Amino acid sequence: MTDITNAPAVPRKATSTELVAASLKRRRRKQIRLQWIGLGAISIAFLMLFILVASLVSTGWQAFTQTHVTLEVYVDPEEVPEDRLPRGGFRDVLGASMGQMLPDVDMSARETARAVEGILSNGAQFELRDRVVADPSLIGQTFTMTVPVSDPYDQLNKGLIERETEEVNRRVKDNEIAWFDTLADSGAISKPFNWGLFTNADSRFPELAGLKGALVGSFWALLTCFLISFPLAIGAAIYLEEFAPKNKLSDFIEVNINNLAAVPSVVFGLLALAVFIGWFGMPRSAPFVGGLTLALMTMPTIIIATRAALKAVPPSIREAALGLGASKQQVVFQHVLPLAMPGILTGTIIGLAQALGETAPLLLIGMNAFITSAASSPFDSSTALPTQIFIWADSPERGFVSRTSAAILVLLGFLVTMNAIAIYFRQKFERKW
Amino acid sequence: MTAVPFLFLILAVVAGYVINRRAARLIRDGGSRLHSMTSYHGMFSALLILVPVLTFILLWIALQGPVVDRITMAGLPEGVLDGLDSGGVQLVLAEIKSVSRGQIFGTPEDWKIAAAGRYVILHDRADWWLFAAVTILSLALLAFARSRVAADFRARQGVEGIVSGLMIFCSTVAIFTTIGIIASLSYETWRFFERVPVAEFLFGLNWEPQIPLREDQIAAKGAFGWLPVILGTIVITVVALVVAVPVGLFSAIYLNEFAPKRLRSIVKPVLEILAGVPTVVYGFFAILVVAPAIRSFGQSIGLDVAPNTALAAGGVMGIMLIPFISSFADDALSAVPQAMRDGALGLGSTRGEMMTTVLFPAALPGIVGGVLLAVSRAIGETMIVVMAAGLIAKMTINPLDSVTTVTVQIVTLLIGDTSFDNPKTLAAFALGMMLFLVTLMINILALRIVRKYREAYD
Amino acid sequence: MNNMRKIERDVKMTDTKITARSVNVHYGDTHAIKDVDVNIADKTVTAFIGPSGCGKSTFLRCLNRMNDTIDICRVTGEIKIDDKDINHKSVDPVQLRAQVGMVFQKPNPFPKSIYDNIAYGPRIHGLSKSKSELDEIVERALRRGAIWDEVKDRLDQPGTGLSGGQQQRLCIARAVATEPEVLLMDEPCSALDPIATAQVEELIDELRQDYSVVIVTHSMQQAARVSQKTAFFHLGNLVEFNDTGEIFTNPSDPRTESYITGRIG
Amino acid sequence: MNNMRKIERDVKMTDTKITARSVNVHYGDTHAIKDVDVNIADKTVTAFIGPSGCGKSTFLRCLNRMNDTIDICRVTGEIKIDDKDINHKSVDPVQLRAQVGMVFQKPNPFPKSIYDNIAYGPRIHGLSKSKSELDEIVERALRRGAIWDEVKDRLDQPGTGLSGGQQQRLCIARAVATEPEVLLMDEPCSALDPIATAQVEELIDELRQDYSVVIVTHSMQQAARVSQKTAFFHLGNLVEFNDTGEIFTNPSDPRTESYITGRIG
Amino acid sequence: RDEIRIVGSSTVFPYTQAVAEQFANNTGAPSPIVESTGTGGGMKIFCGGIGEQHPDITGASRAMKASEYELCLENGVTEISEAMIGFDGLSLAVSRNNDFAWDLTLAEIYLALGAQVPVDGEWADNPYTTWDQINPDFPAVEILAYGPPPTSGTRDAFVELAMHVGCEELDFVKEGGFGGDWVEENCSRMRTDGPFVEAGENDNLIVQRLEADVNAMGIFGYSFLYENLDNLKGVMINGVEPSTDTIADKSYPVSRPLFFYVKNAHRGVIPNLNEFIDEYMSDDALEAGGYLAERGLVALADERRAALQDAVLNGKSMEAPE
Ligand SMILES: Nc1ncnc2c1ncn2[C@@H]1O[C@H](COP(=O)(O)OP(=O)(O)OP(=O)(O)O)[C@@H](O)[C@H]1O
Ligand SMILES: Nc1ncnc2c1ncn2[C@@H]1O[C@H](COP(=O)(O)OP(=O)(O)OP(=O)(O)O)[C@@H](O)[C@H]1O
Ligand SMILES: [Mg+2]
Ligand SMILES: [Mg+2]
Ligand SMILES: O=P([O-])([O-])[O-]
């Protein structure tokens with residue numbers, strides 16, 4: 001065919017093989033270098049994650065325990081007359097029993113009495129009240145109660161307030177430390193797991209502050225977000241992927257969705273502020289509105305994941321069903337959708353996990369309010385986990401420093417759990433066609 | 001009480017389904033060949049009832065409150081509202097409402113108590129009306145659906161039509177969202193540009209929104225040139241990409257080609273956790289851990305590092321973006337057909353050469369698309385920079401310096417004192433609009449690139 | 001060579017089932033089928049042969065409007081089944097496909113149980129009134145698919161767990177279960193080993209009793225073995241259409257001859 | 001039929017290039033190649049034929065250790081090229097593959113320019129010292145790939161923009177450019193139209209001057225046209241290996257006969 | 001609505017939070033919803049009108065301005081009770097690891113942080129980068145101060161109480177005879193070239209950053225200093241250290257009163273509003289040893305408190321501010 005074939009063979013074979021052999025060492029090294037760089041990159045990412053978690057744990061772990069004091073309480077009928085319940089001098093009752101535990105202290109001085117009472121958390125009196133109200137027969141009786149101590153003493157007990165510090169610069173004075181030590185020596189002080197972190201709502205008092213309100217608020221917001229974004233996103237994804245004619249309009253929708261997935265979350269906050277609260281007159285601070293906003297943000301993520309999952313279902317399945325005389329909708333709802341479900345769920349969980357951690361839009365719709373009771377419906381005012389973190393981070397009390405980290409760890413825990421569920425889905429239902 | 005109409009609706013839907021299916025069965029058993037299967041006849045009836053009635057109930061519930069309020073107020077005796085402005089009227093209404101709930105303070109006037117009584121009755125009545133309307137509507141639709149049952153009735157097409165309609169509605173939500181965003185931004189943006197000339201905003205070199213919100217506020221004059229703000233955004237974005245792109249890409253390369261299966265199955269999900277960490281957490285991390293570390297390191301080698309250095313915010317943002325880029329790149333690399341790998345290996349390339357000379361270039365369009373999406377993430381990222389970046393806008397590209405970003409300015413201008421007739425507050429909306437437009441452009445670009453070069457090797 | 005061993009068997013021509021007139025198909029700018037006219041007889045196996053890319057599959061997919069599902073595909077011309085224009089507006093492609101079954105090149109069972117695979121068609125078309133009736137339909141279809149004995153004890157196991165040949169026969173049984181009048185098969189054996197191929201070929205021969213079968217194949221040997229009529233496509237043209245015996249022994253077009261003698265393809 | 005038109009051409013046997021002894025290949029639990037022994041001669045075209053799934057590709061890929069890239073694939077037995085065991089630890093598969101080139105069933109040009117496609121191998125192996133030397137290598141390879149005239153004016157255009165046949169010849173040229181000693185081709189024409197096929201076949205015939213060529217094909221006609229030696233595989237076994245003329249005119253194994261007469265496959 | 005809604009200053013926010021919690025605990029009523037919107041933002045919402053959708057109370061870290069009062073009047077919010085609940089010191093602080101005993105005059109603060117200062121007899125951009133350039137007695141460390149952003153009332157207060165006063169103390173201003181308007185116009189801007197870092201609304205972040213950075217100074221509410229006295233020390237101003245006493249007796253110059261405002265029209269309409277105000281006005285909350293003082297509020301003197309309680313509890317409406 002050409003002249004080349006008959007041209008005299010170049011003396012090449014030896015050289016070519018030799019050349020290859022000669023280059024090999026260098027090329028192997030290059031490949032190994034590439035491998036190490038890749039491994040290094042991954043290590044960097046891991047290291048960062050590790051530092052992040054480690055720095056959180058190092059400040060946050062203290063918040064998972066809370067110092068308590070155990071008291072013998074005598075409910076003096078004089079202070080707490082049965083006919084005045086739920087009012088009564090519960091604080092004085094507690095003061096009296098503190099006085100008994102600190103026999104050397106002169107409780108007659110009002111200043112001192114207050115200071116001693118200050119060892120106990122402000123919530124102690126209400127806990128006592130609730131117990132007595134629930135069981136009025138306790139009046140006139142003596143029983144033991146374990147209540148949290150107030151934040152400075154908690155800090156002291158955890159070693160966060162150093163005794164070496166000059167007295168004037170300490171939140172706890174020398175005599176107060178002495179009281180506390182007396183209590184500790186008598187075995188009244190304990191440091192159990194801080195269940196209050198999960199069962200209490202927000203409070204001004206770090207020792208009482210908990211995440212219940214935020215958890216409930218996040219729950220309602222996430223539920224709303226899920227109930228709205230999931231069906232809408234799936235409907236949209238199915239339509240766009242399976243039915244939409246390929247025209248300008250569907251291109252436009254596609255660009256829109258991709259763009260919404262990248263629109264800064266604070267812009268969604270602006271949207272919610274203007275449209276939901278401004279025009280529709282929805283209440284401020286309501287998890288429902290938060291959920292609605294998050295739904296708009298999450299929807300593109302779910303749509304994109306769903307479309308990818310639908311795309312991954314091989315065309316042969318569609319063809320088979322179509323060839324049997326199934327309508328397009330039958331094909332989609334009876335075959336494609338069930339097969340794509342694991343992928344869709346994975347995408348949904350990841351989208352919801354992101355929504356769970358989203359802060360900026362919630363700030364703009366007032367979900368950063370202070371509320372001491374958990375919301376009982378999605379229309380009640382509430383905070384959410386990330387905004388609670390935001391509020392705590394801005395609180396002057398020292399106890400909130402570790403609580404902020406603890407709250408972040410709790411949030412991270414939820415996120416990791418949700419991601420783990422997503423991974424489980426992915427691996428369990430992963431199909432090879 | 002609101003639960004009753006819903007319960008009834010469920011009943012009607014079930015009844016519609018059962019009745020129509022039964023009817024269709026009878027026809028079929030009578031020997032005619034049905035066009036659609038019996039269950040489609042049932043579903044047709046169910047959907048025909050469900051969609052309009054549900055819409056109706058939701059609308060009614062949304063409107064009942066305002067309508068009842070208006071009727072109550074209209075029924076007040078002549079003259080009692082004279083001299084009250086709208087706020088006062090609102091207050092009267094509020095009082096009537098709390099009286100109707102039984103929360104009575106002091107001694108309200110008799111007409112208020114009467115109005116409260118009426119208010120309660122109206123609400124009860126409205127509930128009854130709703131119930132009646134739902135009943136009538138459901139029954140009418142039920143009857144209509146029943147009348148359609150026939151051998152050649154295309155119930156399947158009917159059902160599919162309704163479902164299609166619902167799905168189309170779903171996909172337009174995205175458009176409505178975009179419209180909502182534009183609408184909620186454009187009015188205020190326009191008012192901003194009435195006060196600050198567009199040219200000054202677009203080309204001004206000074207950003208000092210210190211303008212007083214109130215006449216008597218202590219603040220200085222303001223300047224609204226967004227260039228230093230967008231420059232700061234760019235600086236932080238570049239820093240983020242400098243961290244994220246190489247780390248992300250090399251991670252992807254390693255995971256895609258070299259990592260043992262076990263390692264891959266662990267590393268991928270762990271990397272994804274990085275993407276899921278709430279950005280407010282990254283913000284704390286940046287400002288409390290990374291920034292001081294960079295600053296003290298910088299000082300130890302004699303560099304002048306600002307406490308809010310863009311390196312900290314950008315670097316941490318980069319960490320957040322690593323999984324974003326690595327999973328995009330991993331997907332793009334996996335999408336390169338096996339034939340390319342075979343081709344390269346068959347020619348005697350090492351796996352490293354195959355990766356760098358064939359797979360990577362082939363996957364580049366997909367990777368670039370992913371990087372561009374990461375860029376728009378970085379530009380729009382809020383909480384990290386709110387906590388870790390500066391607030392003062394500076395014309396600088398020195399990453400050691402402190403810069404501010406568009407999102408930081410939006411949040412700062414909107415949290416705290418706001419006043420919607422002052423350019424200081426309105427500027428947030430103008431910035432939001434610009435941000436929206438910039439990400440839109442980047443996204444269109446990303447889509448173009450992905451589309452244009454997608455599967456070029458097939 | 002005894003390629004032709006089956007051709008001699010009696011070819012009793014029955015009525016025409018499908019008529020195509022000046023059918024043209026475009027994929028975007030590609031002109032894939034050029035002005036094809038053909039009559040396909042009932043109760044006959046018709047084979048489409050031709051080199052790769054000549055348009056065999058494309059034409060086959062016109063016959064049950066599977067091409068509708070490809071956006072860029074445009075079909076013109078007239079195709080009638082039992083004298084009814086299948087491209088007419090009034091024809092529901094869904095119904096058409098129930099009437100014209102299809103079996104694909106790669107076996108594609110649903111990832112469901114064997115039973116559900118077969119029962120799917122009858123269910124969506126409402127062919128059975130009761131569970132027992134459905135059971136019967138499934139059994140009958142599996143028997144006709146010549147796979148009943150192999151699967152009767154594992155009907156509830158996934159269809160994807162069968163071997164390739166079994167899967168393909170399952171797919172044929174599945175197509176048969178909806179009682180179509182025409183059965184289209186696009187290279188049904190190309191993914192199968194010789195033994196499975198032989199089984200499927202035998203099955204096709206049996207199906208001919210009740211159906212009009214159209215089969216695409218790239219193997220001339222196979223066409224010779226199973227079909228009574230053969231159509232030879234080349235570059236989108238229907239070059240020659242005739243009794244199989246004729247085509248293989250006495251092709252009238254030089255292109256056909258080149259192909260079957262192995263000079264092209 | 002004149003299938004055999006090329007078989008008679010003179011077959012000057014040279015040295016043995018490749019020897020395989022009791023090669024077994026497993027994919028997980030699938031036993032894909034069973035105890036295959038074969039000697040492949042230098043400067044000869046050897047064809048592997050057999051029904052689909054019989055293991056032709058698998059065996060071919062053993063010869064340059066492409067099977068290493070499949071995780072679940074396990075190869076045992078001994079394969080020697082020029083008396084050197086290619087599975088020995090000391091052999092670098094990279095070097096082996098430079099020595100044993102491969103062309104795949106589907107043309108797979110890289111998404112780069114035509115020039116870069118050809119230059120890829122020489123570049124990574126460092127076969128040229130200068131740009132002009134590389135230019136020469138590229139031209140020589142393209143000429144040997146019989147595609148120089150068609151592409152010489154568009155060397156900087158992407159290789160993916162060529163037609164299927166051109167792409168396949170480009171891939172052959174690309175394989176040739178690294179100066180291998182053996183060229184393996186896995187169904188190099190199955191994606192091509194008849195004209196492109198003819199061109200590639202001609203090319204193979206020319207390549208025989210310098211290389212040992214092994215070609216997998218499912219077309220017996222093609223095997224007959226281009227090869228001097230033919231190996232027939234069936235269900236993982238090497239059933240028969242002989243001069244092509246022998247195999248097609250006088251097969252010694254009944255399975256071979258069934259296959260070439262079209263009873264199976 | 002069942003709950004009381006409160007908006008306003010982030011400075012008053014913690015105190016209102018404390019009262020809200022105490023109130024909810026004591027009465028079992030639904031807990032009030034407290035949002036921190038900033039003083040001006042709070043005023044704006046508060047003066048939006050009367051009725052359920054408007055808040056009942058707003059907190060303020062300065063007195064209501066005439067313009068705001070007019071806005072209220074315009075929207076029908078005519079009856080407002082003003083309650084001054086105490087004082088808040090704006091403290092400057094440094095890390096305890098900083099061994100220099102800082103004692104600044106307001107003029108020195110101005111010279112360090114003002115955007116423009118006198119340089120060689122000219123009013124020019126601030127050239128100072130280290131403290132010893134301002135006063136040779138100071139160590140030669142970089143000037144670095146974290147402070148509130150221009151959107152917060154805290155910033156307003158700092159500019160008014162420290163910067164303006166400091167500016168007026170400058171010889172250049174005194175000798176130049178520049179008056180009040182001149183000062184407002186020229187001494188209101190904080191410098192933007194680095195030494196002053198606007199640190200966002202989060203004071204805790206400032207605290208933590210001071211701990212990490214020995215030479216940095218922070219400007220924030222006294223309560224944050226009070227909580228962190230073991231790690232931070234207050235910077236003396238004119239020789240006076242910030243403390244509860246010095247703030248209350250005004251010897252520490254940078255302190256300001258805190259207020260809240262109630263819509264009287266809402267009393268008796270919004271459930272529990274009166275009870276909540278009772279709680280806010282109670283001795284328990286407001287007296288020197290009260291629970292607000294525990295959170296860092298500097299309490300009013302007893303007589304003033306009594307007068308205040310009397311006025312607020314009786315719903316006495318405020319006069320229009322001049
Ligand atoms: N979905 C499609 N989009 C664009 N072109 C197509 C499509 N399907 C087929 N074609 C083109 O139409 C022509 C005919 O293809 P068709 O699949 O009908 O060939 P075939 O004869 O079935 O080949 P094979 O034996 O390889 O299956 C070919 O050129 C092919 O490239
Ligand atoms: N990657 C793989 N994983 C598992 N099994 C495989 C793989 N590749 C091939 N096989 C199996 O090995 C056997 C031989 O396959 P091979 O590809 O070698 O056949 P072939 O003769 O080349 O067929 P064809 O003509 O269809 O290409 C088949 O049963 C096939 O299913
Ligand atoms: Mg085909
Ligand atoms: Mg093969
Ligand atoms: O919230 P401010 O007190 O700073 O207005």
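These are my notebook entries on what I looked up in this structure, which is a predicted model.

**Entry 1: ligand 5 in chain E**

I began with ligand 5 and listed the residues around it, which are Ser9(E), Ser10(E), Thr11(E), Gly38(E), Thr39(E), Ser61(E), Ser152(E), Gly153(E) and Thr154(E). When I sorted this shell by residue class, I found nine polar residues, with no nonpolar and no charged residue in it.

I then went through the contacts made by side chains, starting with Ser9(E), where a polar side-chain atom lies 2.4 Å from an oxygen atom of ligand 5. For Ser10(E), I noted an N or O atom of the side chain at 2.5 Å from an oxygen atom of the ligand, and for Thr11(E) the corresponding distance from a side-chain N or O atom to a ligand 5 oxygen is 2.6 Å. I also checked how far the ligand is covered: on its own, ligand 5 has 200 Å² of accessible area, and the protein covers 99% of that.

**Entry 2: chain E as a whole**

Having looked at ligand 5, I turned to the chain that supplies its shell residues. I recorded 14 helices and 13 strands as the secondary structure of chain E. Its radius of gyration is 21 Å, close to the 20 Å that the globule rule gives for 322 residues, so I describe chain E as being as compact as a globular protein of that length. The C-alpha trace of chain E spans about 65 × 40 × 35 Å along its principal axes, and 63% of the 322 residues of the chain count as buried.

**Entry 3: ligand 1 in chain C**

Next I looked up the surroundings of ligand 1, where the residues are Tyr27(C), Ala32(C), Ser52(C), Gly53(C), Cys54(C), Gly55(C), Lys56(C), Ser57(C), Thr58(C), Ile70(C), Ile72(C) and Glu187(C). By class, I counted five nonpolar, five polar and two charged residues in this shell. I also asked which element gives the most to the shell, and found that helix α1 of chain C, residues 56-62, does so with three residues.

Among the contacts to oxygen atoms of ligand 1, I noted one from the backbone, in which an N or O atom of Cys54(C) lies at 3.2 Å. Two further contacts come from side chains: a polar atom of Lys56(C) lies 2.8 Å from a ligand 1 oxygen, and a polar atom of Thr58(C) lies 2.4 Å from a ligand 1 oxygen. Taken alone, ligand 1 exposes 620 Å², of which the protein buries 64%.

**Entry 4: strand β3 of chain C**

Staying with chain C, I examined strand β3, residues 45-49, and found that five of its five residues are buried, so the strand is largely enclosed by the rest of the structure. I followed the side chains along β3(C) and saw Val45(C), Ala47(C) and Ile49(C) pointing one way, while Thr46(C) and Phe48(C) point the other way, and all of them are buried.

I then looked up the strands that pair with β3(C). Strand β8 of chain C, residues 212-216, runs parallel to β3(C) and is joined to it by four bridges, and within this pairing Ala47(C) has Ile215(C) as its bridge partner. Strand β9 of chain C, residues 229-234, also pairs with β3(C) in the parallel sense over four bridges, and here the bridge partner of Thr46(C) is Lys229(C).

**Entry 5: a contact between chains A and C**

I picked out His335(A), which has its place in helix α13 of chain A, residues 328-356. Its relative accessibility is 3%, and since buried means under 20%, His335(A) counts as buried. I found that the side chain of His335(A) makes a polar contact with the side chain of Tyr120(C), at 3.3 Å.

**Entry 6: two residues with positive phi**

Last, I noted two residues other than glycine that have a positive phi. For Ala146(C) the value is near 55°, and I located this residue in the loop between α4 (131-144) and α5 (148-151) of chain C. At 37% relative accessibility, Ala146(C) counts as partly exposed.

For Leu235(D), phi is near 50°, and the residue lies in the loop between β9 (229-234) and β10 (237-243) of chain D. I entered Leu235(D) as partly exposed, at 37% relative accessibility.

Terms used. Residues are numbered from 1 along each chain as its sequence is written. Chains are lettered from A and ligands numbered from 1 in the order in which they are written. This is a predicted model: local features need pLDDT of at least 70, side-chain atom pairs count only at pLDDT 80 or more; totals for chains, interfaces and linings use all residues. Side-chain values use heavy atoms; hydrogens and water are left out. A residue is near a molecule or strand if one of its heavy atoms lies within 4 Å of it. A polar contact is a pair of N or O atoms within 3.5 Å; within protein, one must be able to donate a hydrogen and the other to accept it, and residues adjacent in sequence count only if both atoms are side-chain atoms. Accessible areas come from the Shrake-Rupley method with a 1.4 Å probe; for residues, only the protein chains shown count as cover. Ala, Val, Leu, Ile, Met, Phe, Trp, Tyr, Cys and Pro count as nonpolar, Asp, Glu, Lys and Arg as charged, and the others, Gly among them, as polar. Buried means under 20% relative accessible area, exposed over 50%, partly exposed in between (1.4 Å probe, protein chains only). Two strands pair if DSSP finds at least two bridges between them. The radius of gyration is taken over C-alpha atoms; the globule rule is 2.2 Å times the number of residues to the power 0.38.
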